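Me: Please take a close look at the interior of this model, meaning any enclosed empty space and then the salt bridges. I would like the residues and the numbers in one connected account.

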Amino acid sequence: MPRMTLHPRAARRCWHTAVNPLHSTVYFSPEIAAEFAALGIADPVAVNLAHRSAAMGAVGAGTVTAAFYNYRHDLVARHLPAVWDTVTPEQALAARLRAADAALTRLLGADTVKSPEVAEAADLAMRATEGCTRHARTLYAAHADLPVPEAPHLRLWHATTLLREHRGDGHLAALLLAGLDPVEALVSHTATGKGMTPKWLKGMRGWTQDDLDAATGRLRERGVLDAAGELTEEGAALRERLESDTDRLDAAPYEHLGADGLARLTELGGALVVKAVTAGAFPKDLMGRA
């Protein structure tokens with residue numbers, strides 16, 4: 001794994017407080033729903049699968065299940081490749097970018113998206129992406145082939161997309177190394193209090209209550225969860241090793257940016273995220289144990 005010279009959790013903090021939330025604003029926005037509804041796609045799961053996988057082209061369910069890791073395959077197969085009969089990948093990508101433009105402008109304000117701070121954050125985030133690598137990173141590599149938007153707030157969103165998928169691709173390798181299958185990964189993450197609630201795991205990932213209960217049972221047998229479904233000491237250590245392995249696999253872009261740039265990106269991006277969250281960027285019941 002790459003040698004890290006930054007503080008072990010500095011890049012993780014930037015990703016969790018600035019990079020990933022900025023990218024994810026579009027997922028829950030009314031703008032993305034409206035853009036795809038205008039193209040003839042109303043089902044929110046179909047919208048999610050289409051706009052996130054479109055960079056890979058008109059791929060089928062098998063490719064997306066592999067690349068996304070924690071979606072139930074029959075849910076994916078319900079929508080792919082059929083969605084490409086309604087919308088092309090190019091149309092999906094264009095709709096997503098329009099949605100990002102409108103959502104960020106609404107959440108942050110027209111003055112903020114044109115501010116020097118957003119332009120500076122975009123420059124820093126794009127500089128970090130120069131350290132990303134393509135090998136074994138399917139979603140990152142696909143998005144890295146897309147053109148970089150000119151508007152600063154869209155350049156920032158594009159850069160956070162690249163950084164998000166780069167870390168995500170590495171995280172899948174860490175999950176395999178940790179021996180967590182897709183449902184176990186989700187259930188153990190929910191047990192930390194920082195993952196999706198069961199409502200969202202069922203609605204947007206396609207897992208049934210039986211699936212979640214079975215995974216909980218396997219994690220109990222393994223000593224990851226206790227009888228109440230809480231992380232054991234061993235389970236907490238497993239989740240921390242998982243994040244530490246992901247940190248090391250994702251070190252390159254932040255090492256390339258350097259400590260000062262990383263701190264500034266965390267500061268600028270974090271302030272934007274606070275503003276977006278305050279404006280209602282995410283559902284209140286999205287994260288937590290219940």
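Reply: Helix 10 gives the largest share of the lining of the largest cavity, namely four residues. The model is a predicted one, and the search finds one cavity of 30 Å³ or more. Its volume is about 50 Å³. Helix 10 spans 152-178, and helix 6, which spans 89-108, also supplies at least two residues of the lining. The lining consists of Leu22, Leu104, Leu108, Val118, His153, Leu156, Trp157, Thr160 and Leu272. By class, seven of these are nonpolar and two are polar, with no charged residue in the lining.

The charged pairs come next. Over the whole structure, 22 salt bridges are found. In one of them, Arg12 pairs with Glu240, with 3.0 Å between the closest N and O atoms. Arg12 belongs to helix 1 (residues 10-24) and Glu240 to helix 14 (residues 233-249), so this salt bridge ties together parts that are 228 residues apart in sequence. The two partners differ in accessibility: Arg12 is at 11% relative accessibility and therefore counts as buried, whereas Glu240, with a relative accessible area of 28%, is partly exposed.

Arg12 also forms a salt bridge with Asp247, at 2.8 Å from N to O. Here too the link is between helix 1 and helix 14, with Arg12 and Asp247 lying 235 residues apart. Asp247 is at 5% relative accessibility, under the 20% limit, and so counts as buried. In this pair, then, Arg12 is buried and Asp247 is buried as well.

Helix 14 also holds a local pair. Arg248 and Asp245 meet through their side chains in a salt bridge, 2.3 Å from N to O. Both residues lie in helix 14, three residues apart, which is about one turn of the helix. Arg248 is partly exposed at 31% relative accessibility, while Asp245 has a relative accessible area of 14% and is buried. Beyond single pairs, salt bridges that share partners join Arg9, Arg12, Arg167, Arg239, Glu240, Glu243, Asp247 and Asp250 into one network.

To put the two topics side by side: the cavity lining has no charged residues, and helix 10 provides four of the lining residues. The salt bridges of Arg12 run to Glu240 and to Asp247.

Notes. Residues numbered from 1 in each chain as written. Predicted model: local features only at pLDDT ≥ 70, side-chain atom pairs only at ≥ 80, totals over all residues. Heavy atoms only, no water. 1 Å grid on protein atoms, 1.4 Å probe; cavity = no way out; pocket = protein on both sides within 12 Å on 5 of 7 lines; lining within 4 Å. Points joined across faces, edges and corners; volume = space filled by probe spheres on them. Nonpolar A, V, L, I, M, F, W, Y, C, P; charged D, E, K, R; others polar. Salt bridge = Lys/Arg side-chain N within 4 Å of Asp/Glu carboxyl O. Buried < 20%, exposed > 50% of the residue type's maximum accessible area, 1.4 Å probe, protein only.
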